[in-house]
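Student: Could you go through this structure with me, one question at a time? I'd like to see how each answer is reached.

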Amino acid sequence: MPRYILRRLLYSLILIVGLLTAVFFLVHLMPGDPVQLIGEQELDEAGRDLIRQRMGLDQPLLQQYFRWLGQCFRGDFGTSLSHGRPVTQVLAEALPRTLLLTFSAFIVRWILGIVIGVSIAQHPGRRRSRLLNSLGLVLYSLPSFWIGLVLIMVFSRNFGWFPSGGMVSPDALWLSPGERILDGLHHLVLPVLVLGVGNIGPVVRYGESSLSPILVSDWVLAARAHGIPERMLIWRHSLRGAMPTLLTLAGLSLPGLFGGAVVVEKIFAWPGVGLLAYQAILTRDYPLIMADTALVAVLVALASLMADLGCHWADPRLRLEADGEDVR
Amino acid sequence: MSVARLFSSSSPSVRHGSTATTGGRRDLQLGLVLVIGGLALALGAGVLSPEEPSALGASGLGMQPPSSEHLLGTDPLGRDVLTRLLHGGRFSLLVGWVSMIVSTLMGTLIGLAAGLGPRRVQRFLTLLIDLFISFPRIYLVLLLVAVTQPSLMLLISVLSLSGWMAAARMVRAESMMLRDREYVAAARGLGLSPWQVALRHVLPNLMPTVLVAASLRIGQVILVESFLSFLGLGAQEPMITWGVMIAQGRAYLLEGWWLTIFPGIAISATVLGYNLLADGIRARYQHGEAPTEGGTDRD
């Protein structure tokens, strides 16, 4: 088993270096360079050259590439052109906000999704089950930016129940700590709804399809005959068998979660790394774009590593097999 | 590893009998109706629509709520929303279909090579697929679209190049299952080249999978395209698309709700059609739970 973990770690490392390489070459092979685009009025050619020199853009591409890799592993990404502060600082402020959003959405999606999936698996073919399944598919087909707008239209503009964007109220500074937490939660509801419930369909479906064969298996029948309560049978024993499938799906869903966060952050003016990336792209803030993209890519790679290791832990068969076999 | 295993034959998920198949048939029918209906409406937009898409309101400027004269209301310039809705589908469908074809072809070929090729190729391509999947695609798309001048060609190429992975992964997983079947071994034994085996003998058996991937992909492309157009990074103003229409309605969210609601319904119904189609094909032609789109999110 340690051999498998080592291999998987090595694979992740290769993947991460590959991702960083991709980010670098994508940005650098783009037509035009960042310096051309900043301050077109105030700068003459000599001034631009000076900035190029300072940013190291006059060096050979390969040298710049290795410098970029070095920067990544040291966690130093230079200065943001639009914020005038170290990129690391800007990102460090935005990342927790995105993690709050994505993590909450993730929890909502999975808890709700599995509960619904289980109820469908328990009563296959019932009308309610079919209805829930179709509902999942419909939700899956709605554009999330549009769901966001509709929610804002109905619940914020029309009823005034929830704020239409941002993370805190303008008067948050004058609130007590308790009220501030409530205020934060209040702002969190609509964005999490969009990000969490919009993509619940696949979770429901996988929850159901990995559970239903288990529920008709012999050992469940035996357990039922032994008088184990149905609730325990499902939540403790059967779901455990479905774990590897669900963990894998959870790992696979992460890139989409962060991608979806860009949309949600844009619609709800949520000041996280997604909105930051969008603004950085519009202002051609190259150091920030590169660092932001690299950050999200690496986060996704690490999280799917965790999902895979979790899978390994949840399924004893994998643990026994894997040592004799290739990682992928 | 785990992905391939999840989707391999040992995965313990057999759809239970008859209810699933009738449900599948209904999905297929409804999906086909939506898909064909959408195509027909978009192609026939010129004939069907009550007014010229850019004709300013004859009955005066200004937004009007839905009425018998303008079934879906008019926009702030007095233009008929229904007319614009009919024309707005063309761009999305064009982008969706073309980039679906490109990325499905790419994905199928890469997936076949990753499932059947020599070991070294398999490993490399698997890494490549993982690399592209882990990369936050929306960042890539935004970057490419924002830095260069937005154009139809660019949009199509970006969406094609960023969308082949799901097909590749599904084809890879399934071809690995078929690899050891007797008829494949027989074809190999007859001395056919690896590509002949892959294309003539394995691929035909993968067609349902490929169709499912393709159908799902169109839906996803339409969603991404509409978001980009909404941001002003896809289609530009004189061009009418659903995303552009929603962006225009954003300033009138409450007092002009019809500007936001109807284009959104059009997008959703179109995407739902392709998703239902994918589901229907899956239920009809595949045994067991098929490899899905590889991820839960739309982008």
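Student: Which residues does Leu239(A) touch, not counting those up to four places away in sequence?
Tutor: Happy to start there, and keep in mind that this is a predicted model. Leu239(A) sits in helix H11 of chain A. Leaving out residues up to four places away in sequence, its contacts are Leu211(A) and Ile234(A).

Student: Is Leu239(A) buried, partly exposed or exposed?
Tutor: Let's count its surroundings: 19 other C-beta atoms lie within 10 Å of Leu239(A). A buried residue needs 20 or more, and an exposed one has 12 or fewer. Leu239(A) therefore counts as partly exposed.

Student: How far apart are the C-alpha atoms of Leu239(A) and Ile214(A)?
Tutor: Along the chain, these two residues are 25 residues apart. In space, the separation of their C-alpha atoms is 8.6 Å.

Student: What is the end-to-end distance of helix H9 of chain A, and what span should it have?
Tutor: Helix H9 of chain A covers residues 200-215, which makes 16 residues. The expected span is 1.5 Å times one less than the number of residues, so H9(A) should span 22 Å. Its end C-alpha atoms agree with that, being 22 Å apart.

Student: How many residues of H9(A) are buried?
Tutor: H9(A) is described as mostly covered. Out of its 16 residues, the number buried is 15.

Student: At what angle do helices H10 and H11 of chain A cross, and with which hand?
Tutor: Two packed helices are described by the angle between their axes and the distance between the axes. Here H10 (residues 218-225) and H11 (residues 230-267) of chain A have axes that come within 12 Å. They cross at roughly 145°, and the crossing is right-handed.

Student: Which residues make that contact, and how do they divide by type?
Tutor: H10(A) brings Val220(A), Ala223(A) and Arg224(A), while H11(A) brings Leu233(A), His237(A) and Ser238(A). By type, they divide into three nonpolar, two polar and one charged.

Student: What stands out about the phi of Ala269(A)?
Tutor: Ala269(A) lies in the loop between H11 and helix H12 (273-282) of chain A. Most residues other than glycine have a negative phi. Ala269(A) is a residue other than glycine, yet its phi is positive, near 50°.

Student: Why does Ala269(A) count as partly exposed?
Tutor: The cut-offs are 20 or more neighbours for buried and 12 or fewer for exposed. Ala269(A) falls in between, because its number of C-beta neighbours inside 10 Å is 13.

Student: Which residues touch the most other members of the largest nonpolar core?
Tutor: In soluble globular proteins, nonpolar side chains tend to be buried together. The largest nonpolar core here has 153 residues. Those touching the most other members are Leu19(A), Val264(A), Ala277(A), Ala294(A) and Leu142(B).

Student: Which helix gives the most to this core?
Tutor: The helix to look for is in chain B, at residues 194-231. With 17 residues in the core, the top contributor is helix H10 of chain B.

Student: Which residues is Ala294(A) in contact with, leaving aside its neighbours within four places in sequence?
Tutor: Ala294(A) is one of the core residues we just named. Setting those sequence neighbours aside, its contacts are Leu19(A), Leu20(A), Val23(A) and Cys72(A).

Student: How do H5 and H8 of chain B pack?
Tutor: H5 spans residues 119-134 and H8 spans residues 165-178 of chain B. Ile129(B), Phe132(B) and Ile133(B) in H5(B) meet Met165(B), Ala168(B) and Arg169(B) in H8(B). These residues divide into five nonpolar, no polar and one charged. The crossing is left-handed, with axes 10 Å apart and an angle of about 140°.

Student: How many helices and strands does each chain have, and what share of its residues counts as buried?
Tutor: Chain A has 14 helices and zero strands, and chain B has twelve helices and zero strands. For chain A, the buried share of its 328 residues is 41%. For the 299 residues of chain B, the buried share is 52%.

How values were computed:
Residues numbered from 1 in each chain as written. Chains lettered and ligands numbered in written order. Predicted model: local features only at pLDDT ≥ 70, side-chain atom pairs only at ≥ 80, totals over all residues. Axes fitted to C-alpha atoms, helices over the stretch in contact; angles between N-to-C directions. Helix = DSSP H or I, 4+ residues; strand = E, 2+ residues; numbered from the N terminus. Left-handed = near helix turned anticlockwise from the far one by under 90°. Contact = placed C-beta atoms within 7 Å. Nonpolar A, V, L, I, M, F, W, Y, C, P; charged D, E, K, R; others polar. Core = buried A, V, L, I, M, F, W, Y, C linked by C-beta atoms within 7 Å.
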